Amino acid sequence: MSHNSIVMTARIVEIFRSIQGEGPYAGQMQVFVRFFECNMHCVWCDTPQSIGDGKREFTTYTPQELIEAIKPLTKNAHALSITGGEPLIQADFLKEFLPLAKKLKLKIYLDTNGTLPDQLTKILPMLDIIAMDFKLPSSTKEKSYWAEHEAFARLSRRKELFVKIVTTKQTQWADFKRSLDILKKTAPKTWVYIQPSYGELKTGIIEHCLELYDKAVPIYPQIKLFPQVHKIMGIQ
Ligand code: SF4
């Protein structure tokens with residue numbers, strides 16, 4: 001019988017250095033690690049190669065190999081962005097990898113769809129910043145995740161947390177309000193970013209976002225309307 005321990009590996013789509021385009025750190029340099037595969041299929045998804053549709057392309061990394069791949073990209077970066085896809089699908093790998101990543105002296109920034117709270121508990125102590133989505137069924141055309149989002153927000157409030165709500169013309173106020181009600185109960189100081197769906201930016205989506213903004217602010221003041229600026233700048 002062998003006593004060699006099995007080394008965990010991750011399935012990674014891409015590793016790159018770029019300007020964060022979303023939320024409160026928009027405009028700051030980060031190193032991005034895009035994990036393969038997602039448990040959801042939102043209609044607007046901008047990373048179809050990472051959700052397990054279309055081209056199934058990923059590279060396998062051990063924790064140490066991933067560290068070596070990140071090291072040359074850290075110039076001026078303030079954070080390591082763990083993104084996807086849905087990175088929490090690979091939480092068991094992250095549990096081994098993040099203690100090594102801490103030595104890079106970057107903040108650990110998790111970008112997540114906020115639907116896998118049990119997976120989050122495996123790595124929560126190692127995170128600094130959580131960028132959590134609320135996925136509204138009227139936007140995603142998927143099932144709802146209210147219970148999952150509530151549990152996720154409750155756990156995440158111990159960390160620096162902000163919430164993104166991708167908004168399309170289909171997004172209904174009832175769904176939006178329900179998200180705010182959940183946050184009021186679980187993590188009431190959290191800033192919420194209304195993020196207009198990029199594909200609809202030129203076709204009147206801002207008007208719809210402004211309507212939601214004006215309804216939301218009286219019941220939940222910490223709201224910003226903010227687009228994905230990296231796409232506007234034409235960068236990765
Ligand atoms: S949760 Fe994110 S990565 Fe997954 S399908 Fe939706 S937009 Fe794409």
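**Exercise 1. State where the ligand sits, then describe its shell.**

Step 1. The ligand occupies the largest pocket. A pocket is an open set of points on a 1 Å grid over the protein atoms alone, with protein on both sides within 12 Å along at least five of seven lines. A molecule sits in it if more than half of its atoms lie within 2 Å of its grid points.

Step 2. The model is predicted: local features need pLDDT of at least 70, side-chain atom pairs count only at pLDDT 80 or more, and totals for chains, interfaces and linings use all residues. Residues are numbered from 1 along each chain as its sequence is written, and side-chain values use heavy atoms, with hydrogens and water left out.

Step 3. There are 11 residues around the ligand (a heavy atom within 4 Å). Cys 38, Met 40, Cys 42, Cys 45 and Lys 135 come nearest.

Step 4. Sort the shell: 6 nonpolar, 4 polar and 1 charged. Here Cys and Met count as nonpolar, Lys as charged, and Gly as polar.

**Exercise 2. Classify the packing of α6 against α7 and of α1 against α2.**

Step 1. Take α6 (residues 173-186) and α7 (residues 205-216). Their axes, lines fitted to C-alpha atoms over the stretch in contact, lie 11 Å apart at an angle of about 45°. The two helices are therefore oblique (not under 35, not over 145, and not 65 to 115 degrees).

Step 2. Take α1 (residues 63-70) and α2 (residues 91-101). Their axes come within 9 Å and cross at roughly 45°. So α1 is oblique to α2.

Step 3. Assign the hand. α6 passes α7 in a right-handed crossing. α1 passes α2 in a right-handed crossing too.

**Exercise 3. Locate the unusual backbone geometry around Gly 85, Glu 37 and Lys 105.**

Step 1. Recall the background: most residues other than glycine have a negative phi, and most peptide bonds are trans.

Step 2. Gly 84 and Gly 85 are joined by a cis peptide bond, with omega about 15°. Gly 85 lies in the loop between β4 (79-83) and α2.

Step 3. Glu 37 has a positive phi, near 80°. Its loop runs between β2 (29-35) and β3 (59-61).

Step 4. Lys 105 has a positive phi of about 60°. Lys 105 is in the loop between α2 and β5 (107-112).

Conventions
1 Å grid on protein atoms, 1.4 Å probe; cavity = no way out; pocket = protein on both sides within 12 Å on 5 of 7 lines; lining within 4 Å. Axes fitted to C-alpha atoms, helices over the stretch in contact; angles between N-to-C directions. Helix = DSSP H or I, 4+ residues; strand = E, 2+ residues; numbered from the N terminus. Left-handed = near helix turned anticlockwise from the far one by under 90°.
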